Amino acid sequence: MLTKKIVLLAALLVPGVAGAAATAHLDHAATDIHNTASLQRGARNFASYCLGCHSAKYVRWNRVAADLGIAEEQLEQYLLPSGAKPFDTMHSAMPAQQATDWFGVAPPDLSLIARSRGVDYLYTFLRTFYSDPARPTGVNNLVLPNTAMPHVLAPVQGVKAAKIELVTHDGKTEEHIVGLVEGTPGTLSEAEYDEFVRDTVNFLDYIGEPVKAKRQSMGVWVVLFLLVFWLMTYLLKKEYWKDIR
């Protein structure tokens, strides 16, 4: 684990200003739910950085362990929160009222966040925090302007700085953010941090539909069966109709 347990996605969906909308281009996450090693790393990241504030109440720890090939000993040693049992669902240790006091609203459950927002949104969101002294948390976000979430991954990513250009329109000059540039460095390189986020988002995609990988694998065989069945039906039809014609 990179650091002690802290909140990763607090107030992910809650903008600081009502009606704020995402304006940034969404980068392709390139996640792969068939990559078990990535999902295992994502599970570690989730347990270490997300559960301090968020829950995933539709998923059980022992289901995750079985799907990802995690031994019970490893599950208890590296993933399970103190006092939790393997058959428990993924509940946050933070009381809802305390979270509301800190963030203005209870942080959302993350069970279906990838299905709701999409993996590209989550991947880009977690990579586009930048320094903004005007905000209470000292940071802002390109994807979710005026987000209430602090940049809790700043120690590993660092804090980017906004690249600002002045644009004049109808006689008014306004500042526009056109990208992010290197600011305060973190413990991970940019490529390493991108992979860290990709693993985390991959795991969030998995818990949104734990049977997705099996469904996709089975779907290939179903399609092949239907093609073979169609071919046999077509040949049988020709055999029956050849004398009529």
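This briefing covers the largest pocket, the salt bridges, a nonpolar surface patch and two backbone angles of the structure above. The model is a predicted one. Its largest pocket has a volume of about 260 Å³, and eight salt bridges are counted in the model. Asp-194 belongs to both topics, since this residue is among those closest to the centre of the pocket and also forms a salt bridge with Arg-127.

**The largest pocket**

- The pocket, with its volume of about 260 Å³, is lined by 16 residues, of which Arg-127, Gln-157, Lys-160, Glu-190 and Asp-194 are the closest to its centre.
- Two elements, strand S6 (172-185) and helix H8 (190-208), each give two or more residues to this lining, and S6 gives the most, with four residues.
- By character, the lining divides into six charged, five polar and five nonpolar residues.

**Salt bridges**

- Side chains of opposite charge can pair when their charged atoms come close.
- In the bridge between Asp-194 and Arg-127, the closest N and O atoms are 2.8 Å apart; because Asp-194 lies in helix H8 and Arg-127 in the loop between helix H6 (119-125) and strand S3 (129-131), the pair ties together parts that are 67 residues apart in sequence.
- Both Asp-194 and Arg-127 are buried.
- Arg-198 forms a salt bridge with Glu-195, again with the closest N and O atoms 2.8 Å apart, and these two residues lie three residues apart within helix H8, about one turn of the helix.
- Arg-198 is buried, with a relative accessible area of 18%, whereas Glu-195 is partly exposed at 34%.
- Asp-205 is bridged to Lys-212, with the closest N and O atoms 3.7 Å apart, and Asp-205 counts as buried because its relative accessibility is 11%, under the 20% cut-off.
- Through salt bridges that share partners, Asp-27, Arg-127 and Asp-194 are joined into one network.

**Nonpolar surface patch**

- Met-218, Val-222, Phe-225, Leu-226 and Phe-229 make a nonpolar surface patch of about 530 Å².
- Leu-226, one of these residues, is found in helix H9 (residues 212-241) and counts as partly exposed, at 49% relative accessibility.

**Positive phi angles**

- Most residues other than glycine have a negative phi.
- Ala-30, although not a glycine, has a positive phi of about 55°; this residue is placed in the segment before helix H1 (36-49) and is partly exposed at 43% relative accessibility.
- Asn-146 also has a positive phi, near 65°; its place is in the loop between strand S4 (139-141) and helix H7 (154-157), where Asn-146 is partly exposed, with a relative accessible area of 23%.

Notes. Residues are numbered from 1 along each chain as its sequence is written. This is a predicted model: local features need pLDDT of at least 70, side-chain atom pairs count only at pLDDT 80 or more; totals for chains, interfaces and linings use all residues. Side-chain values use heavy atoms; hydrogens and water are left out. On a 1 Å grid over the protein atoms alone, a cavity is a set of points where a 1.4 Å probe fits but cannot get out, and a pocket is an open set with protein on both sides within 12 Å along at least five of seven lines; lining residues have an atom within 4 Å of a point. Grid points are joined across faces, edges and corners, and a volume is the space filled by probe spheres set on the points. Ala, Val, Leu, Ile, Met, Phe, Trp, Tyr, Cys and Pro count as nonpolar, Asp, Glu, Lys and Arg as charged, and the others, Gly among them, as polar. Patches are made of residues with over 30% relative accessible area and no salt bridge: like charges are joined within 9 Å, nonpolar side chains (Val, Leu, Ile, Met, Phe, Trp, Tyr) within 5 Å. Accessible areas come from the Shrake-Rupley method with a 1.4 Å probe; for residues, only the protein chains shown count as cover. A salt bridge is a side-chain nitrogen of Lys or Arg within 4 Å of a carboxyl oxygen of Asp or Glu. Buried means under 20% relative accessible area, exposed over 50%, partly exposed in between (1.4 Å probe, protein chains only).
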